[in-house]
Amino acid sequence: MNIITAAFIAAIKSKSDLADDSKVKNAYLEIKELIRKRFGEESELYDSICRLKKNPNSKARADLIDEEIESIKADQLSDIQRIANKILDLIGHDKLPKYGIRSGTIDGLTQADHIENVNQTFDNSKPEYNADVNGDGSIAQGDRAASAGKNGTAVSGDLRGGIHNYKIDKYYAADPTGEPGGKEKQKKTNNRSFEEALRDYCEKAISIHEKIPLAGFRTRLRVPIKIENIYVPLRVMIDTRSIGRSCFADADDAEMQLLKHGRQDEISVPDAFSAASKMNRRGIVILGDPGSGKTTHLKRLLLWCLQGGLSKIGLPENIVPVFLPLRELKDLDKSLDAFIQYQLDQPHLGTPEGFGRRLLKRENLLFLLDGLDEVVDAGQRAKVSRWIDSAATIYKNCYFVVTCRFAGYNDEARLNEDFLEMHMRPMSSEQAEAFVRNWYRIVETSMVGLSKDPEQAKIIADEHAEDLNERLRQPEFRARRVFELTRNPLLLTNICLVHHARGNLPHTRADLYDECTDVLLELWRGSIGLQPKVTAKTGRRVLQPAALWLHKEEGRTRATANELGPVIDPVLKDVGWPFGSSLEFLKAVRDESGLLTGWDQDHYGFMHLGFQEYLAAREIRAKHFEGQPVLQDLASHFGESWWQEVSLLLLALEEPFLFKPFMREVIKQPTFAEHTEIVEMCLDDSIETSTAPFMELLQQSPGKNRNLWERQLVALRIVERLDEEAIEGILPNLKVHPFDQIQNWLKSRKAEEQQDVIISKPGGYELVKIPGGVFMMGTREEDIPKLIETFGGDKDWYEWQTPQHKVTVPEFYMGKYPVTNEEYGRFLAEHKIEEPKYWGDRKYNQPKQPVVGVSWDDAQKYAQWAGLQLPSEAQWEYACRAGTTTEFYTGDTEKDLDRAGWYGKNSGDQLHPVGEKEPNAWSLYDMHGNVWEWCEDDWHSDYEGASVNGGAWIDSPRGANRVLRGGSWNGGARHCRSADRGRIDPDDRYVDFGFRLLCLPGHP
């Protein structure tokens, strides 16, 4: 029993014995009032103090007070301890009840000043009343006291209370007659009951949390999925910053902000505690997007603890996990301990009365606090965070994991430095494919009547999984927003359900979004016998205007119910939704489906931005057919990344198609000529295309409007792609067009008609014939000062390009363009190899853009598959120059470079589709800028000893670095020069690394 409880009981006993002593009476009333103010009249501690007055000798009531006081946080004990000391001063230490006092750390008060207070509580002249406060297990009590050594327990004399040996967790009691033994047997029986209750709790916790509730649809498939069977260990990025904001919009924003601080530490989630331990932390905060797997991971931690997997996650033996869904935290007037006890005392756990308190006393617990963002408001969330901070301070032998969505974790709610923050990363390609295989195996082997042969069911499951994975490798699902869906566990589950029901996936993203909304809004819930309040048809109809309203402000993905109410109320009235207000509708969609999610309780938004974009596109389409000028408004945003996917989805929607009316508005925009990569995407995604809008633009009189000329050049290239024969009818007008780039296009077209071209069959890669010849390779040393003056840079860099020397190059075929995503995607579809680093980033994965993020070895593998090879440095520079001796094949100045390639000053900070700039005399595009291109050669710091026959300069054994050529979209003009060269590790994969290939005559 702790000394503060002893003081309370002494005061009450003294009050009954010394009823006329006003000082004692006032001390008792002061304690009572303090507890009332601190914890309220409804608290168990206040009730216990009041009832103890009536029965001061009740040992059970004394124990209850003891337990209640032990739940008090350290910072709340100071006043109570002060009054306890005052009581003892008033009534004398001889009035202390002869109860054993708990040894070890007292009430979590380990600070020196607290220990000093404890010692001062006792009269030092009476050592028989002193308890050892060092935690070694020794105890001492009244007359005929016995003592014990380290980790020991001694019982004798007139000991009447319970003794808690802190380290070995056992309770003993002595017979009040002074003889040992007595009630010891009874207490041991109670201890066995607690151990049995603990075992029962662990078994029930496994049963409750081992499965993910999952249903199919249409077939009314109900399948129990065990977490351990489908769990894929995801990765987290550790936030090790010493300073910096805590609130991020989503995982992408979090990654960007950490990278700005040079932080790129990633680990597998199961290694989180090991990483935290190295930093002396017992707490972890896991931040992530909705559906990213936070709750599933918490439950997997619980199962590891209870099923012998502690060594996998770096936690001590015998730890007991406690799962605490913070959304169920209702009464914030009580402490976190009260919430923990409430959760442990839930009927479905079947725990005996007081089990929660005894488990908290036991310590060695893992608290799994799920959904900090689901606490009602920001102020309350901050309060809960402070509770968690205090709990981590008090429970020194416990561990904590807190999950939260990014949006709900702000500076006020941020946990203290005892917690290591980690950001959930999207699934990798390998993890996503493993998830699909696990999902199908569970579903197929669980379906009644599918197959009586488990092995046959596994074969069927693997076939279906491979079909889905193969489909998701296709460009349509790799190069767009859908790719992001496949990296989120919840949304990938949705895609699995769609594929399972259809036997395949829809051919367009728009159709996939359509079917996914069916699943999320209606079919999934209906399949388990629950009637949804919101049907798919009603849900789409009402949420479409909400999606468009949200999207009208860039970056807005969520809003309050009050903000959304006026937007959706008129539609709710039109559809006759019978279940209440707009708030009730939003709650129904949030609670019954995964389409709409609550953000910090007050705000609502779509689970994924792709759903907002899809429904916004549907609303624009609906308003267009109502006669509203929405296409003009959408076209005014052409080139803005925020509206890009909305435009693409609009063009992919079902009949009647909107390609012609929308593109007629787009070609009027000045940005039409600036964003040719988006134009290409529109052509790729639209169900229907037509040359009509572009021919209409070409037939306009060019006048002196340069922007019109630039738009006509883009239109010309589009018509060439869609219907080259249509150009014949406007050739007379083109030949007299005032724009020099259109004239250059005509010349290149004529030259290409006479060009010797071959196509690599495996990948469809196009190569043009490069005639053999002799050229001067590299840079003259005497030109270096002028180059530094013109383009900047260090002298050492230019000296890498010396000495200039004569090279003879035999003829060969060179790729007309760098290898594109479209071409590389065909290679990936046939080979299960690592994807390029930025394959899932829509800024770099459009079909006509050069593939980036590939290593030298990646390029070699593609070349081998295509029957081609990387060029030597000499072949690359010879082909780039195409007979010129200037810095660029178009001239010597940056103005000349602007005609030939994309670099830092003209790219708009983005990668561009191939073939947009002027080709050289041999019909090669993008030799200057856009992407650096791998060469075959090992790196040498100059050309002393270089080959003069055009072949690659390769060491034996191979050197540590390789050569890059051509410069890039995010680099300076000097790197785009024909003679420039770069050195890099062959394993590196950067956002501006690509490659082009060549073929020697007589080879496939």
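**Figure 1. Strands S19 and S24 run antiparallel and are joined by 2 bridges.** Here S19 covers residues 812-815. This is a predicted model, so take every view in this set as a look at a prediction. One of the residues to find is Tyr 813, whose bridge partner in S24 is Cys 999. Zoom out a little and you get an open sheet of 4 strands, in the order S15-S16-S19-S24, with antiparallel pairing. Strand S15 (757-760) and S24 stand at the edges; each has a single partner strand, so one side of each has no neighbour in the sheet. As background, strands of a sheet pair through backbone hydrogen bonds, either parallel or antiparallel.

**Figure 2. Strand S9 (residues 365-370) is mostly covered.** How many of its residues are buried? The count is 6 of 6. Look at one side of S9 and you meet Leu 365, Phe 367 and Leu 369, while the other side carries Leu 366, Leu 368 and Asp 370; all of these are buried, so both faces are covered. S9 pairs in the parallel sense with strand S8 (residues 320-325), over 6 bridges. In that pairing, Pro 321 stands opposite Leu 366 of S9. S9 also runs parallel to strand S10 (residues 399-405), with 4 bridges joining the two. There, Phe 367 has Phe 400 of S10 as its bridge partner.

**Figure 3. Tyr 513 and Phe 611 make an edge-to-face pair.** A search of the whole structure turns up 32 aromatic pairs, and this view picks out one of them. The ring centres are 5.5 Å apart and the planes meet at 70°, which is why the pair is called edge-to-face. Where do the two residues sit? Tyr 513 belongs to helix H21 (residues 509-526) and Phe 611 to helix H25 (residues 609-625), so the pair ties together parts that are 98 residues apart in sequence. Tyr 513 is buried, with 0% relative accessible area, and Phe 611 is buried too, also at 0%.

**Figure 4. Tyr 824 and Phe 995 form another edge-to-face pair.** Their rings are 6.4 Å apart centre to centre, with 75° between the planes. The pair links distant parts of the chain, 171 residues apart. Tyr 824 is in helix H36 (residues 821-830), whereas Phe 995 is in the loop between strand S23 (993-994) and strand S24 (998-999). Are these residues buried or exposed? Tyr 824 counts as buried at 0% relative accessibility, and Phe 995 is buried with a relative accessible area of 0%. Widen the view and both turn out to belong to one aromatic cluster, made up of Tyr 824, Phe 827, Trp 839, Tyr 862, Trp 865 and Phe 995.

**Figure 5. Two charged side chains sit over aromatic rings.** In the first panel, Lys 299 lies over the face of Phe 323, 5.6 Å from the ring centre. In the second panel, the charged end of Arg 556 sits over the ring of Trp 549, at 3.8 Å from its centre.

**Figure 6. Arg 962 is a buried residue in strand S21 (residues 962-965).** Its relative accessibility is 6%, and under 20% counts as buried, so Arg 962 qualifies. What does its side chain reach? One polar contact goes to the side chain of Asp 938, at 3.0 Å. The side chain of Arg 962 also reaches the backbone oxygen of Gly 959, at 2.9 Å. Leaving out residues up to four places away in sequence, Arg 962 touches a whole list of residues, including Trp 856, Trp 934, Glu 936, Trp 939, Arg 983 and Pro 986.

**Figure 7. Cys 880 and Cys 976 are in no disulfide.** A disulfide is a covalent bond between the sulfur atoms of two cysteines. How many does a search of the whole structure find? The search comes back with 0. For Cys 880, the nearest cysteine sulfur is that of Cys 976, 9.7 Å away. Likewise, the nearest cysteine sulfur to Cys 976 is that of Cys 880. Cys 880 is buried at 0% relative accessible area, and Cys 976 is buried at 0% as well.

**Figure 8. The protein chain as a whole has 39 helices and 24 strands.** This one puts the close-ups in context. Of the 1004 residues in the chain, 56% are buried. Among contacts with a separation of 6 or more, 72% are between residues 24 or more positions apart.

How values were computed. Residues are numbered from 1 along each chain as its sequence is written. This is a predicted model: local features need pLDDT of at least 70, side-chain atom pairs count only at pLDDT 80 or more; totals for chains, interfaces and linings use all residues. Side-chain values use heavy atoms; hydrogens and water are left out. Rings of Phe, Tyr and Trp (its six-membered ring) pair if their centres lie within 6.5 Å; planes under 30 degrees apart count as stacked, over 60 as edge-to-face and the rest as tilted. Buried means under 20% relative accessible area, exposed over 50%, partly exposed in between (1.4 Å probe, protein chains only). A charge sits over a ring if NZ of Lys or CZ of Arg is within 6 Å of the ring centre and within 35 degrees of the ring normal. A polar contact is a pair of N or O atoms within 3.5 Å; within protein, one must be able to donate a hydrogen and the other to accept it, and residues adjacent in sequence count only if both atoms are side-chain atoms. Contact means heavy atoms within 4.5 Å. Two strands pair if DSSP finds at least two bridges between them. A disulfide is a pair of cysteine sulfur atoms within 2.5 Å.
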